[in-house]
Amino acid sequence: MIDWVGRSVAVVGAGVSGLVCAQRLQNVGCEVQVLDKSGDIGGRLATRLGPEGFWNHGAQGLAVSQPEFAVLAGDLVAAESAAFVGPESSLAGQPYMRELLRPLADEVECRFDCAVGSVARVAGGWRLLDQQGGLHGDFAALVLAMPAPQALGLLSTMRESASVTDLAPELARLVDSLAVVEYASCWSLLVQGPRLHSVLSELVELPVSGSDVIAGIYPQADTDYWVVHATAQWSARHLEEDRASAAQALLMELKSLCSAAAGFRVEQVEAHRWRYSTVSTPAALPALWSSELGLGLCGDWCQPAATQAVSDAHGAQAAFLSGGTLAELMGAGLAKGHDLGNNPTKQ
Ligand SMILES: Cc1cc2nc3c(=O)[nH]c(=O)nc-3n(C[C@H](O)[C@H](O)[C@H](O)COP(=O)(O)OP(=O)(O)OC[C@H]3O[C@@H](n4cnc5c(N)ncnc54)[C@H](O)[C@@H]3O)c2cc1C
C-alpha cells in the first residue's frame, strides 16, 4: 500500500470524478493539484453567467439513487451548494449548477485555464506541459478525470517518454480499456430574451413532442434565460457545424414550436457543442489504476459491476463512484467519507 502523505498527485479535470478523487487523496495527506482547461469547476455540470442570469448548459438536474451519492448529496445540501428541485426532486447546484461541487473544490488546490497538452513519464513520476507552454510537476502520480476519448488523446502524447518503454504493455492495457467507450454528443442552445419565460413556459413539459431536433427545453430559475438541448441524432448530424449556424437552426426550431411565436424575441443567443455529452457505451470497470505507471483514470465512462446496488449509476453518479473508487484503488480508501470543510491538510 502506498503511503501518500506528502506525495504529490496531479488530477487533470475539475468535474465530479476529478474533484471527488482529489478530495479523498487530499484527505489522506496527499498534495493534490487539480488542473482544468475551463475557467472554473464543474466540467459538464457547467454554468455560463450572463449579465442578469445564468445558463446551466450541461446537466440540468441529477438523479440520486446510489446510497453513497445520496450521502454526498446530503452533505452538499447541508452546505447550501445544492438543493433538490423540480417535480422529480433532482439534485441541482445552488444558486447554479457548477456550485454543486464548490465544497469539494474548496478542499483542494485548483488551477484553471490550464489545458494540459501533453503528459510525460519521467524518472520521478509525471511532468505535464500545458498548451501555453507551462511545465507542471514532477508529480508522483497522475489522474486523468475526463471523457475517455480525451484521456486517450493525452495518453497518446506519452508514448514517446523514455521511461515508458518497459511499461508499454501496461500502457497498451489501459488504452484498450478506454478505446471501447462511446459518447453521444449534444448541442446546447443558450438563449435569453424579454418575456421569454411566458412565451416558452408551455414547452417545458418533456419530452418535447413533434420535434426530432429538440430533446429538452429548460427554464433557468424562472428567469428569461433558457437552455435547449438538441437530440443526440440531430447533434450527431450537425457535429462539425459552426456555432452560429447551429444556434440559428435550433432557434428556428424552437420558435416553430411556440404557439405564441409573435412574442418570441431574443437578445442573447449562443450554441455550445458537447462533443462528449453522455456515455452510450461504457467501459466495464469502475476505474483504472496502474501502480507501475502511477497513473489513474476515472470518469462517467466507467461502469461499476452490475450489482443491484449500482445498476442504474450513470452520468454524474457514475462519475462520482468512479472518482471515489480510483482513490480507493490508489490506497486512499480510508478517506471514504466526504468530511466537507473538515480537512486538516488544507488551511
Ligand atoms: C447536455 C448534458 C446533459 C446531461 N444530463 C445529465 C443528467 O440529466 N444526469 C446526469 O447524471 N448526468 C448528465 N450529464 C452527464 C454529466 O454531466 C456527466 O456524466 C458528469 O458531469 C461527468 O463528470 P466527469 O468528471 O466524468 O467529467 P467532466 O465533467 O467532463 O469533467 C472533465 C473535466 O476535464 C477537463 N479537461 C478535459 N481535458 C482536459 C485537458 N487536456 N486539460 C485540462 N482539463 C481538461 C474538462 O474541462 C472538464 O472540466 C449530462 C451532460 C451533458 C453535457
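**The ligand shell and its surroundings**

The shell around the ligand is made up of 18 nonpolar, 16 polar and 4 charged residues. These values come from a predicted model. In total, 38 residues surround the ligand. The closest are Gly13, Gly15, Gly43, Arg44 and Gly315. Several elements give two or more residues to this shell. They are helix 1 (16–27), helix 4 (148–156), strand 12 (182–192), strand 15 (268–281) and helix 9. Helix 9 gives the most, with 4 residues. Two domains take part in the shell: domain 1 (8–181 + 282–335) and domain 2 (184–278). Because both give residues to the shell, the ligand lies between them.

Helix 9 (residues 315–332) also meets helix 2 (residues 67–78). The axes of the two helices come within 10 Å and cross at roughly 95°. An angle of 65 to 115 degrees counts as roughly perpendicular. Helix 2 and helix 9 are therefore roughly perpendicular to each other. On the helix 2 side, the contact involves Glu68, Phe69 and Leu72. On the helix 9 side, it involves Gln317, Phe320, Leu321 and Gly324. The residues of this contact divide into 4 nonpolar, 2 polar and 1 charged.

Strand 12 and strand 15, which each give two or more residues to the ligand shell, also belong to a sheet. This sheet is open and is formed by 4 strands, in the order 13-14-12-15. The pairing is antiparallel. Strand 13 (214–219) and strand 15 are the edge strands, and each pairs on one side only. From one strand to the next, the twist averages 20°. Within the sheet, strand 12 pairs with strand 14 (residues 225–230) in the antiparallel sense, over 5 bridges. Val191 has Trp226 in strand 14 as its bridge partner.

A further antiparallel pair is formed by strand 9 (residues 125–130) and strand 10 (residues 135–139). These two strands pair over 4 bridges. Trp126 stands opposite Phe139 in strand 10. Strand 9 and strand 10 form a hairpin, with 4 residues between them. Gly133 lies in the turn of this hairpin and has a positive phi of about 90°.

Helix 9 thus appears in two settings. Helix 9 gives 4 residues to the shell around the ligand, and Gln317, Phe320, Leu321 and Gly324 in helix 9 meet residues of helix 2.

Key
Residues numbered from 1 in each chain as written. Predicted model: local features only at pLDDT ≥ 70, side-chain atom pairs only at ≥ 80, totals over all residues. Axes fitted to C-alpha atoms, helices over the stretch in contact; angles between N-to-C directions. Parallel < 35°, antiparallel > 145°, perpendicular 65-115°, else oblique. Contact = placed C-beta atoms within 7 Å. Nonpolar A, V, L, I, M, F, W, Y, C, P; charged D, E, K, R; others polar. Near = placed C-beta within 6 Å. Domains from an automatic or database assignment. Pairing = 2+ DSSP bridges.
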